[in-house]
Amino acid sequence: MIGSSVVRREDARLLTGGGRFLDDLGRDALAAAFVRSTVAHGRVTDIDVTDALDVDGLVAIYTYEDLAAADAEHGTRVAEALPLLIPHPALTHGRTGFALARDEVKYMGEPVVMVVATDRYVAEDVAGRIRVTYETLPAVVGIEQARDGAALVHADVPGNVAAHLVQEVGDARAALAAAPHVLDLDLDVERSACTPLEGKGVLARWHADEGRLQMWSSTQTSTGVRAAVAAKLGLPLVKVDCITPDVGGGFGVKIVHPWPEEVLVPWAARLLGAAVKWTEDRREHFVSSAHERRQLQRVRVGFDDDGRLLGLDVTLWHDNGAYTPYGIIVPIITATQLLGPYKPGAYRVEFTSLYTNTVIVTPYRGAGRPQGVYAMERAMDAIADALGKDRAAVRAVNFIRPDEFPYDQGLTFQDGRPLIYDSGDYPQMLEKIKALVGWDDFAAYRAQAAAQGRRVGLGLACYVEGTGVGPYEGAHVQVETSGRVNVAIGLTTQGQGHETAFAQIAADVLGVRIEDVHVTSGDTRRFGYAVGTFASRAAVMSGNAVGLAAGKVREKALRIAADALEVSTSDLEIVDGDIRVKGAPGTHIPLKTVAVLSNPLRYAFDASAAAATQFAGGGSPDAPPVAEDDEPGLEGTDYYSPVRSTFASGMHAAVVETDPETAEITVLRYCVVHDCGTLVNPMIVEGQVHGGVAQGVGGALYERIAYDENGQILNASFMDFLMPYSTEVPTIETDHLETPSPLNPLGIKGAGEAGVIPGMAVFAAAIEDAEGFPIRRMPISPSELYDLRRAHAAGDLASLHHPSPR
Ligand code: MCN
């Protein structure tokens, strides 16, 4: 099973309307809606609800004062600031917001008032009648204004600096001073957003008779939400269940927890003794969920005549928005993952993470890597161009060689552990991508196209991606007496095909048919200890945990079967759920019968299984029916906890055509070579890569969040925030390389984010190749390319490094 392209088992259900997403649940529930800040920075001076009170169907209106009053009365903690999930010593000025704004709002979209009503229409009507008055404060919008420091987002954070971090390996500045060639590059990236098709959503029911809260959330971490809500509401953990139904995409934004609504909806449900639901609408998602990508990046690189890196000095300014609930993970990832498959010589990286009066920034698929890869790969192209060398050849001289693994980059990675690459084969990968895209024949193709008046260009980008970040994941595997195998994992699923991939692993290890395996994820009633789905970690972490737990169950099954058949365990094999004596398939016992035998009560409401009691023997009358070191049932739990992350890699190449008149950019070809170690399901991996590439196309050519100088989002809808449709996503040609990870039993590396990572770098390179002048900021639109052409033609080099917008 492992390694085969099993068709995704969840798809029939999802594609025929059988999915159950958050808004499909709780049709009987009361509905919540929010009044959100209309200003980017201001003091709340008045909240007037007079006009709202006589709306039929209104149930409750809550402001921050109500939270504080309820805390005092019920011992809850909902009025306290939201948690800072990932602290870091360099995050000297971490700040988080409140579930409802306390006295100041710090971005447009921040929740100020919560309304509960009989349905969403009424709730929205009520919200529309509530008048919030603000004393407007100066809004800090964009990195330049934040750096300037004249206006402050948080009055007690000087210079708007949340964090400042330097990492250095060797003496980069000395290496640069001594280098024969040095280039300085400004490589900036604008703000974008995940925009999953399903926004966030929460449903909560309070069961007063049991004192139990049951909640459903469209989250990437049900265990994290459960722990946060239990703490905020002062409930014992065992009295809170958090269930993740089908999720229509997360892409990072749903890993933050708790979102204000995840606290407020359960809190109101308990207070009102009713079911309450909130489903985010599209505009709310744009103005109050998370964004990412915005960074100013200055790269100084020194190299020799062959293009070999001697020193690299990178300075980053990161826009972290109004609060830092998720710490400084994004710039840390850029700073460390920027190095890709290369040995940088000496390396120094410094970043400053800045507050602005904009939506918070948390990881979006790729999480800081697209920016880092963009910086590094553009530097590689610039080196090749400066030396008049082949862009692929310059990369090759800088690769870490296959015999150099494990390779220690000397830095500290996002998990606080050393950045040590476990395995890979970058030279072979480069050969594969060159063959796939026809690298060596491209000059002829370009000449042919030019003869027809067409402009075509070829881009290449390489990356290395730390995946499978710890600390742990677990799994529970159970064989029922019917032969059904239940697998439960703690992390959640947003469309990655976990139901299929983990069934493949369990089926393989246990020796059962995949049809008999049923996977449940993200339900704290079934598995309580888990971290969450992010950092392309599920296959590595849960995959190995499923393998280990299934291995435990297999061991126990063999032990019981060996006893029953009076043979040694080493004589046995499990084939299609049947335990057989090797070489004597007539002597066998079905796994489901072993499940019956595993429980001294021998319950089996199934005729064939009941017959199995004949194998059981009576056991000694002097021994307890369950031995001291045994447990009833054919089941097992195990955890996988790696020493450090495993490093996947990939190389993408794109061929683009730019229209000589309109500057429209068309993607002619897109090629991917990808290495995620052992492939559990190659078709799922390809699907993951395709989805990522689609987001890479969007990030490079279409998507950006635009703010005006007052901190108003100008494009909070899909009319104006352009996502690529299938018409803009090219056919993707894929090839794989498998260098198994030596760090985990199955040799797996992650794949979920890979496709998006080199997008900006590869398109910038290809457009630059077609046009013949540098592309320094992404994304790029046809009108910007048009302006750049004119500037280039006029010899206006300053405009080529066009000033960054907000
Ligand atoms: N896989 C495999 N063999 C490997 C590696 C992975 O068969 N060597 C399979 C896995 O079994 C899993 C899928 O590929 O079914 C992705 O695995 P993995 O790389 O472990 O990523 P996660 O499952 O942890 O998913 C998280 C990752 C991230 S971080 C984002 S963001 C993202 C992504 O996955 N968001 C997604 N892919 C997404 N896909 C969908 N449809 N929706 C999202 O929100």
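A polar side-chain atom of Q688 lies 2.6 Å from a nitrogen atom of the ligand. This distance, like every other value here, comes from a predicted model. Taken alone, the ligand exposes 820 Å², and the protein buries 96% of that area. The points below describe the residues around the ligand, and then the helix α18.

**Polar contacts with the ligand**
- Besides the side chain of Q688, the backbone takes part: a polar backbone atom of N681 is 2.8 Å from an oxygen atom of the ligand.
- A backbone N or O atom of Q494 lies 3.2 Å from a nitrogen atom of the ligand.

**The shell around the ligand**
- There are 32 residues around the ligand, and those that come nearest are G250, Q496, H498, Q688 and A751.
- Sorted by class, the shell consists of 13 nonpolar, 15 polar and four charged residues.
- Three elements each give two or more residues to this shell: α14 (498-510), α15 (538-565) and α18 (682-701).
- The element that gives the most is α18, with three residues.

**How α18 packs against α19**
- Helix α19 spans residues 759-771, and its axis comes within 8 Å of the axis of α18.
- The two axes cross at roughly 55°.
- This angle lies between the limit of 35 degrees, under which helices count as roughly parallel, and the range of 65 to 115 that counts as roughly perpendicular; therefore α18 is oblique to α19.
- The crossing in which α18 passes α19 is right-handed.

How values were computed: Residues are numbered from 1 along each chain as its sequence is written. This is a predicted model: local features need pLDDT of at least 70, side-chain atom pairs count only at pLDDT 80 or more; totals for chains, interfaces and linings use all residues. Side-chain values use heavy atoms; hydrogens and water are left out. A residue is near a molecule or strand if one of its heavy atoms lies within 4 Å of it. A polar contact is a pair of N or O atoms within 3.5 Å; within protein, one must be able to donate a hydrogen and the other to accept it, and residues adjacent in sequence count only if both atoms are side-chain atoms. Accessible areas come from the Shrake-Rupley method with a 1.4 Å probe; for residues, only the protein chains shown count as cover. Helices (H or I, at least four residues) and strands (E, at least two) are DSSP runs, numbered from the N terminus. Ala, Val, Leu, Ile, Met, Phe, Trp, Tyr, Cys and Pro count as nonpolar, Asp, Glu, Lys and Arg as charged, and the others, Gly among them, as polar. Axes are lines fitted to C-alpha atoms, for helices over the stretch in contact, and angles run from 0 to 180 degrees between N-to-C directions. Angles under 35 degrees count as roughly parallel, over 145 as roughly antiparallel, 65 to 115 as roughly perpendicular and the rest as oblique. A crossing is left-handed if the near helix is turned anticlockwise from the far one by less than a right angle, and right-handed if clockwise.
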